[in-house]
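Let's walk through this model together, one region at a time. Keep the sequence beside you as you turn the structure.

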Amino acid sequence: MQAVRLLRANQLELQDIPEPEPGPEDVVIAVEACGICGSDRHMYAGEYPTNPPVTLGHEFAGRVIATGSQVQRVQTGDLVTGDPNIACGTCPQCRNGRPNLCANLTAIGVQRDGGFAQYLVMPQAQAHKLPRHTDPVHAAFCEPLACCLHALDVASIRPGDSVAILGGGVIGLLMVQLCRLAGATTIILSTRQKPRRDLALQLGATHAIDPQARDAVGQIKAIVPQGADVALECAGVPDTFSQSIASVRRGGAAIIFGVMPQGQAVSIEPFDLLVNEIRLEGAYLNPLTHARAAALVASRTLALDSLVSRIVPLAEVPAIIASAPAQGEIKIIARPSL
Ligand SMILES: [Zn+2]
Ligand SMILES: [Zn+2]
């Protein structure tokens, strides 16, 4: 079968490899769609730990074509989305209800073979069923959605809250929609690209600001003078990190979601955090949120088609991951059947 294999840092190739066989607790799926993610670019560049040679792709959905002898939760023909993060279930973090912090976490498409392939094998526990008629392209959004849901859980957004979303990529545009569903009444998205600001307003943002036009924090405080209840940092750059702390009200929460390269430092003033009781918290991966993401996709509550820039065959994936995102690109989805 065809698979996009990371052989070592900066070497990613479409290869022909044997089809996977299920163990007793495994399911094999024919991958129908797999999203290309910023994390794939970090893995390609050697900036995020992987286990080469390995097939990338952690945002996948597909049709079950074979099941192991002990599998009872899914059947051949089911459409499933895979939670890529396999927690051990027995380490102190897992036993404390924090599977995303598992000491032995193994991720599909990172440490073991993922979804940029015709077929994929995973433990049945990672598979979440979707209605069979669900658009597989929508199903491929379950993983990033599940991560966004965790950020909303950490933020504890309440009906009537104001939220500043810093970064207008696919994550920021999913956050806009989720914040609206959570009941936020002021939703401010900050991004440099005008088409993304326009799209954010269509998707439920009440305000869209250009951080290059004027100071982003000043613009946010012109809308919510006391500061936003919650800031969601969704760009993973020093500017948005600093803005997230500066744009929330006293007692507000700044949630760090974007990935900055390991080793990169940003200066903060502890005095500000102290006297304003600002809650600065990270939201990492998708602990126990994948089922809710699948339910959201199944319900067709979210606008996802407008986030898809291109749908490509596997053969185009290596070049896309090896290059920086194109201007205006939001989400590219690979479909092995193309
Ligand atoms: Zn991802
Ligand atoms: Zn564990």
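The zinc ion (ligand 1) is held by three protein donors, Cys37 (SG), His58 (NE2) and Glu59 (OE), at 2.1 to 2.3 Å. Donors here are N, O and S atoms within 2.8 Å of the metal (3.2 Å for Na, K and Ca), and water is not among the atoms, so sites may look incomplete. Along the chain, the donor residues of this ion follow the spacing C-x20-H-E. His58 is buried, at 6% relative accessible area, and Glu59 is buried too, at 2%. Buried means under 20% relative accessible area, exposed means over 50%, and partly exposed lies in between (1.4 Å probe, protein chains only).

Two notes on reading all this. This is a predicted model, in which local features need pLDDT of at least 70 and side-chain atom pairs count only at pLDDT 80 or more, while totals for chains, interfaces and linings use all residues. Residues are numbered from 1 along each chain as its sequence is written, chains are lettered from A and ligands numbered from 1 in the order in which they are written, and side-chain values use heavy atoms, with hydrogens and water left out.

Now turn to the zinc ion (ligand 2). Its protein donors are the SG atoms of Cys88, Cys91, Cys94 and Cys102, lying 2.3 to 2.4 Å from the ion, and in sequence they are spaced C-x2-C-x2-C-x7-C. Why is the arrangement around the zinc ion (ligand 2) tetrahedral? The four donor atoms subtend angles of 102 to 119 degrees, and four donors count as tetrahedral if all angles lie between 85 and 135 degrees. Among these donors, Cys91 and Cys94 are both buried.

Just before this site in sequence is Ile86, which belongs to strand β7 (residues 85-86). Helices (H or I, at least four residues) and strands (E, at least two) are DSSP runs, numbered from the N terminus. Ile86 is buried, with a relative accessible area of 16%. Leaving out residues up to four places away in sequence, Ile86 touches Asn104, Leu105, Thr106, Ile108, Arg112, Pro123 and Gln126; contact means heavy atoms within 4.5 Å. Ile278, by comparison, is 192 residues from Ile86 in sequence and 33 Å from it in space, C-alpha to C-alpha.

Let's step back to the overall layout. The domain assignment gives domain 1 (2-141 + 304-334) and domain 2 (146-282), with bounds that come from an automatic or database domain assignment. Their C-alpha centres lie 28 Å apart, and 11 residues of domain 1 are in contact with 10 residues of domain 2.

What lies inside? In soluble globular proteins, nonpolar side chains tend to be buried together. A nonpolar core is a set of buried Ala, Val, Leu, Ile, Met, Phe, Trp, Tyr and Cys residues joined through side-chain atoms within 4.5 Å. The largest such core has 53 residues, of which Ile165, Met175, Cys179, Leu232, Ile255 and Leu307 touch the most other members. Helix α4 (residues 142-155) gives the most to this core, with 10 residues, and the core draws at least three residues from each of domain 1 and domain 2. Apart from it lies another core, of 32 residues, including Tyr44, Val71, Ala127 and Val317.

Ile255 is a good residue to zoom in on. Neighbours within four places in sequence aside, its contacts include Ala151, Val154 and Ala155, as well as Val230, Ala231 and Leu232.

Helix α6 (residues 194-203) comes next. Its buried residues are Arg196, Arg197, Leu199, Ala200 and Leu203. Seen down the axis, they fall within an arc of 165 degrees, so they line one face of the helix; the arc is that of the directions from the helix axis to the C-beta atoms. Their cover includes α5 (170-182), β12 (186-190) and β13 (207-209), whereas the face turned away carries the exposed residues Pro195 and Gln202. Just after α6, Gly204 takes a positive phi of about 125 degrees.

Finally, a few backbone details in the loops. The peptide bond from Pro52 to Pro53 is cis, with omega near 0 degrees, and Pro53 sits in the loop between α1 (38-44) and β4 (54-55). Asn10, in the loop between β1 (2-8) and β2 (11-16), has a positive phi of about 65 degrees although it is not a glycine. At 48% relative accessibility, Asn10 is partly exposed. Leu288 also has a positive phi, near 60 degrees; this residue is in the loop between β16 (279-282) and α10 (290-299) and is exposed, at 69% relative accessible area.

Conventions:
Four donors count as tetrahedral if all angles lie between 85 and 135 degrees; four count as square planar and six as octahedral if opposite donors are over 155 degrees apart and all others between 65 and 115; anything else is irregular.
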